[in-house]
Protein chains: 2
Amino acid sequence: MLKNDLLLRTLRGEQTERTPVWMMRQAGRYLPEYIAIRNKYSFFERCQTPELACEITIQPVDIVGVDAAILFSDILVVPQAMGLEVQLIESKGPVLPDPVKTAADLNRVRVPDVNETLGYVFDAIKLIKQELNNRVPLIGFAGAPWTLLCYMVQGKGSKTFDEAKAFCYTQPALAHQLLQMITDTTIAYLKAQVAAGADTVQLFDSWGGLLSKQDFETISLPYIKQIVNALKDETLVIIFAKGAWYSLQEMAATGAAGLGIDWCIEPQMARSFAGDNITLQGNFDPAKLLSPVPVIETEVKKMLKAFGNTKHVANLGHGILPNVPVAHAKAFVDTVKNYDWND
Amino acid sequence: MLKNDLLLRTLRGEQTERTPVWMMRQAGRYLPEYIAIRNKYSFFERCQTPELACEITIQPVDIVGVDAAILFSDILVVPQAMGLEVQLIESKGPVLPDPVKTAADLNRVRVPDVNETLGYVFDAIKLIKQELNNRVPLIGFAGAPWTLLCYMVQGKGSKTFDEAKAFCYTQPALAHQLLQMITDTTIAYLKAQVAAGADTVQLFDSWGGLLSKQDFETISLPYIKQIVNALKDETLVIIFAKGAWYSLQEMAATGAAGLGIDWCIEPQMARSFAGDNITLQGNFDPAKLLSPVPVIETEVKKMLKAFGNTKHVANLGHGILPNVPVAHAKAFVDTVKNYDWND
């Protein structure tokens, strides 16, 4: 049915005619067409209005030619649905004015009916699928429970998320209760995304790499595992735990179809940790897209060669930066699409 | 001569009666005695007045009982000495209002006479050595060239230092010229610190881990190597490249005496990468000092066991956080000092 199902076949481990490519945050601020919409509507208007979310989601498919669309939304819609106020003011970063600090604060948090609270996401997915008209697959997503806890406890972005960590270290029972509530919500949320039409889903553990291996495997991984387990018979799941290279083996054992990796681990080493049975996704340094185009081309080819021609989805190692010229993003995508393995 | 030379003997690879311990940023904001001085004097007054720098440097030796003092200063005194304006306003982070962006900007940067521009540092070291009166060794330090370039080009702190990276990717010849100037300055600076009395020196590559292995070994490591090479016959050099676990083997080959590691790599794995001939320093998660004291004690013991009883300097995996209670810092230090290897 899908005209371009390279991403899905690669995630299933099949040999494909070429490497599929998309970019994290591809529906974002480097695109003038996105900025034009951003200047007219607030973040929540953009993500709660299916027509706007749809237009933004499809922009990079039309403009940059990626092999997959990823839903335009934010991981913080889940804490919002769980009862916390979330302010998303671009240039300022997210703010949760009443974060969770104590057992009493947890009373304000609930496992919501996702259809009641996040119905606009599923409506957007349905519309996007219709507008995509089977050109490329649609990726749904959610934040991993540890990363969402970071914001729900710290109340804002942080380099260290030390208050979120301190919450886990000093009130572990409470922390695990909150993590379980996020997990239950996320499972329902992702199942509904799949029911609405998402072809695959990615879990973003953006702050996984702030934890030691021991803490990652106590605080983050068990909940990722639950989510993968609940979803894997319905869809292909990609885990992206930025910086958590030390647990690639354990993440590969969850039953996920793909593992995102960042540029701070070499493809060969990631493969040796993750084993041969899983698809790897990544890992171009987003800042390297600021290089001259010929440098981008050379470096992308090096990356493709290092990953090899199976079980690899070309992507950045983190979100595309707002100051990347569109032509550079296109050079990234085109180099992957035109790569000749016989060269 | 030194009454407590545990750190130096451990860095030389000798078996010692117990593991030495100090903490990065131990002369810092978690100490009320430091805050009292900070409230009276600006950052540059504190670091340019030998009596103040001396008092601040010795505070954690007296109050927390660490096995080494580290000079109170900042890595950005070097860019300042090289001709760039540096503003250090606490709570705001560093600002360099006229960063280096072009070849013309490089004309404003010079390799200075360190005695003329940084004499106050050497005066402070002499005074500290006198006041320490051989109780513990004094650690001198400098920023690694890549980390200093980050600030000199980006002009302020950043999560990604993408402008600094773009400078290296788009103007590599200029970047290497600047890196060499920083290197030449740093060699003279550290040699003068040693001449003034520093017993060992640490190179801080705080942003090393933002680079891929390939970039780290092109942009950062060659200059670290030059510095270690120039210093290693005069003193023991510790390299701390935060996050750059992927190049531990290459850093161990520089001739450094010690390698700092952060908490995102397990001691056994760091040892397997670094080999058996170098001392490892680290790697307690600074946020874990926000745990209850019994948890700190258990976790510190686990860390000591994992590193083993030779070639290990106990430390944090990054600087101590301002919100750590002094009693918790003491618990960290005391647990190391009282650890019984027969337990």
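**Helix packing and the two-fold pairing of chains A and B**

Just after helix 11 of chain B comes Gly197(B), a residue with a positive phi, near 135°. The helix that leads up to this glycine covers residues 172–196 of chain B, 25 residues in total. From the first C-alpha of helix 11 to the last, the reach is 36 Å, close to the 36 Å expected at 1.5 Å a residue. These values, like those that follow, come from a predicted model.

It is convenient to turn next to how the two chains are arranged. A turn of 180° with a shift of 0.0 Å along the axis lays chain B on chain A, with an RMSD of 0.0 Å. The two copies are thus related as by a two-fold rotation axis. Within chain B, Lys159(B) has the C-alpha nearest this axis, at 3.9 Å from it.

The contact between the chains draws 23 residues from chain B and 23 residues from chain A. On the side of chain B that touches chain A, helix 10 (residues 162–170) supplies the largest share, five residues. By class, that side of chain B comprises 11 nonpolar, six polar and six charged residues. Of the interface residues of chain B, 100% are also interface residues in chain A, so the copies meet through the same surface.

Inside chain A, two helix pairs may be described in turn. In one of them, helix 4 (residues 50–63) and helix 8 (residues 119–132) have axes that come within 8 Å and cross at roughly 50°. That angle makes helix 4 of chain A oblique to helix 8 of chain A, and the crossing is right-handed. Helix 4 of chain A contributes Pro50(A), Glu51(A), Ala53(A), Cys54(A), Thr57(A) and Ile58(A) to the contact. Facing them from helix 8 of chain A are Tyr120(A), Asp123(A), Ala124(A), Leu127(A), Ile128(A), Glu131(A) and Leu132(A). Nine residues of this contact are nonpolar, one is polar and three are charged.

The other pair joins helix 15 (residues 293–307) and helix 16 (residues 326–338) of chain A, whose axes come within 9 Å and cross at roughly 35°. Here, too, helix 15 of chain A passes helix 16 of chain A in a right-handed crossing. From helix 15 of chain A, the participants are Val293(A), Ile296(A), Glu297(A), Val300(A), Lys301(A) and Leu304(A). Their partners in helix 16 of chain A are Ala327(A), His328(A), Ala331(A), Phe332(A), Thr335(A) and Val336(A). This contact consists of eight nonpolar, two polar and two charged residues.

Conventions. Residues numbered from 1 in each chain as written. Chains lettered and ligands numbered in written order. Predicted model: local features only at pLDDT ≥ 70, side-chain atom pairs only at ≥ 80, totals over all residues. Helix = DSSP H or I, 4+ residues; strand = E, 2+ residues; numbered from the N terminus. Expected span 1.5 Å × (residues − 1). Axes fitted to C-alpha atoms, helices over the stretch in contact; angles between N-to-C directions. Parallel < 35°, antiparallel > 145°, perpendicular 65-115°, else oblique. Left-handed = near helix turned anticlockwise from the far one by under 90°. Contact = placed C-beta atoms within 7 Å. Nonpolar A, V, L, I, M, F, W, Y, C, P; charged D, E, K, R; others polar. Least-squares fit on C-alpha atoms with pLDDT ≥ 70 in both.
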